[in-house]
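Grab your viewer and work through the exercises below. Try each task yourself before reading the solution.

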Amino acid sequence: MSQIDSKVKNVASQNIKYMEFDLKYYDQLIEFYPQNLPRTHTPQGYDYLIEPIKQQGILIVGLVLAIIFGIQYAILFSFLNIGYIISIFIGTIHLYCFFIAKKLFLSTQISYSSFIIRRYFQKDSMMQYFSGDRKFFIAVDTEKDLLVAMTTYDTDFENVLNLPVNETGEVSRVAVRKEYEGRGIASQIMKMVEEHAKKINRKYLFLGKLSSNKHGNKFYQKQGFKLSKISEQRPFIFAILGVQVILMQKVIQ
């Protein structure tokens with residue numbers, strides 16, 4: 001990074017304030033969170049074919065493709081030659097990878113986002129929920145009075161990693177507006193989470209992320225999180241699309 005770029009980044013970062021959530025940013029949260037989730041978790045093209053092969057094996061996926069080809073052949077063989085049928089089959093695979101699968105994934109993500117909002121982000125109860133040991137951290141651009149990043153820290157969770165409950169906290173996904181990425185905002189929010197966790201004598205942090213969020217995987221590893229296990233529980237659509245739920249943990253004390 002050049003000295004000029006570094007100065008621009010530092011000036012931009014000076015406008016960012018880190019704090020616990022304030023209800024004045026509720027409307028911005030409801031707008032920001034559902035849009036950010038699909039943007040950071042969308043697999044690309046052939047991932048929808050490659051990942052199921054990795055998980056289910058080439059034989060199973062190949063059998064499914066053979067059945068699809070057989071159905072198309074049975075329907076089309078009477079008025080199209082084999083070359084056209086193969087072309088249509090290849091087109092079908094690309095239609096699935098670049099349109100159908102993506103639509104299925106995004107619809108699942110939007111449904112999940114709506115579930116999170118209904119469960120945790122109801123305006124009349126969220127400040128009561130995120131109180132005491134539970135925290136909701138945000139970053140705000142003070143010049144624009146704009147919520148630009150968020151994450152939550154929870155002590156009421158399903159203990160999927162069998163860690164000591166009284167010594168463990170769960171971090172939700174760190175969401176940052178696209179135009180504010182690359183400024184170290186997510187790292188700073190994670191520092192706030194760790195400082196709070198240490199203050200209440202927690203020794204472990206864990207989180208769950210989707211395998212499709214490859215940028216997030218690099219970020220969390222950089223923060224010191226390590227892969228712990230692959231969750232056996234995931235939506236049916238995720239299983240079809242080859243998306244896994246990855247559980248990561250970090251020792252902080």
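UniProt positions are given in the numbering used here, feature names are shortened, and annotations may be inferred rather than shown by experiment. This is a predicted model, where local features need pLDDT of at least 70 and side-chain atom pairs count only at pLDDT 80 or more, while totals for chains, interfaces and linings use all residues. Residues are numbered from 1 along each chain as its sequence is written, and side-chain values use heavy atoms, with hydrogens and water left out.

**Exercise 1. Check the annotated segments against the model.**

Task: Find which residues the "transmembrane region" annotation covers, and work out what the chain does there.

Solution. Step one: the unreviewed UniProt entry puts "transmembrane region" on residues 58–76 and 82–101. Step two: look at the secondary structure, with helices (H or I, at least four residues) and strands (E, at least two) taken as DSSP runs and numbered from the N terminus. Residues 58–76 come out as 100% helix and 0% strand, with the end C-alpha atoms 26 Å apart. Residues 82–101 also give 100% helix and 0% strand, and their end C-alpha atoms are 26 Å apart.

Step three: try the other annotation. The unreviewed entry assigns "domain: N-acetyltransferase" to residues 100–253. That stretch is 36% helix and 27% strand, and its end C-alpha atoms sit 46 Å apart. For the chain, the tally is 9 helices and 8 strands.

**Exercise 2. Place Gln72.**

Task: Say where Gln72 sits, whether Gln72 is buried or exposed, and what Gln72 touches.

Solution. Start with the element: Gln72 belongs to helix α4 (residues 58–76). Next, the cut-offs: buried means under 20% relative accessible area, exposed over 50%, partly exposed in between (1.4 Å probe, protein chains only). Gln72 has a relative accessible area of 15%, so it counts as buried. Finally, contacts (heavy atoms within 4.5 Å): leaving out residues up to four places away in sequence, Gln72 touches Ile85, Ile88, Phe89 and Thr92.

**Exercise 3. Describe the largest pocket.**

Task: What is the volume of the largest pocket, and which residues and elements line it?

Solution. First the number: the volume is about 1200 Å³. Of its 39 lining residues, Tyr112, Ile116, Glu170, Gly208 and Val245 are the closest to the centre. Here, on a 1 Å grid over the protein atoms alone, a pocket is an open set of points where a 1.4 Å probe fits, with protein on both sides within 12 Å along at least five of seven lines, and lining residues have an atom within 4 Å of a point. Grid points are joined across faces, edges and corners, and the volume is the space filled by probe spheres set on the points.

Then the elements: α2 (26–41), α5 (82–120), β3 (146–154), β4 (168–171), β6 (204–210) and β8 (245–251) each supply at least two lining residues. The biggest contributor is α5, with 7 residues. Last, the chemistry: the lining splits into 20 nonpolar, 9 polar and 10 charged residues. Ala, Val, Leu, Ile, Met, Phe, Trp, Tyr, Cys and Pro count as nonpolar, Asp, Glu, Lys and Arg as charged, and the others, Gly among them, as polar.

**Exercise 4. Compare two loop neighbours.**

Task: Which loop holds Asn201 and Arg202, and is each one buried or exposed?

Solution. Asn201 lies in the loop between α7 (185–199) and β6, and so does Arg202. Asn201 is exposed, at 56% relative accessible area, whereas Arg202 is buried at 9%. With residues up to four places away in sequence not counted, Arg202's contacts include Asp133, Tyr153, Glu167, Ala197 and Gln253.

**Exercise 5. Hunt for positive phi.**

Task: What are the phi values of Asp145 and Asn201?

Solution. Begin with the background: most residues other than glycine have a negative phi. Asp145 goes positive, at about 50°, although it is not a glycine. Asn201 has a positive phi too, near 65°. Now locate Asp145: it falls in the loop between β2 (135–141) and β3. With a relative accessible area of 32%, Asp145 is partly exposed.
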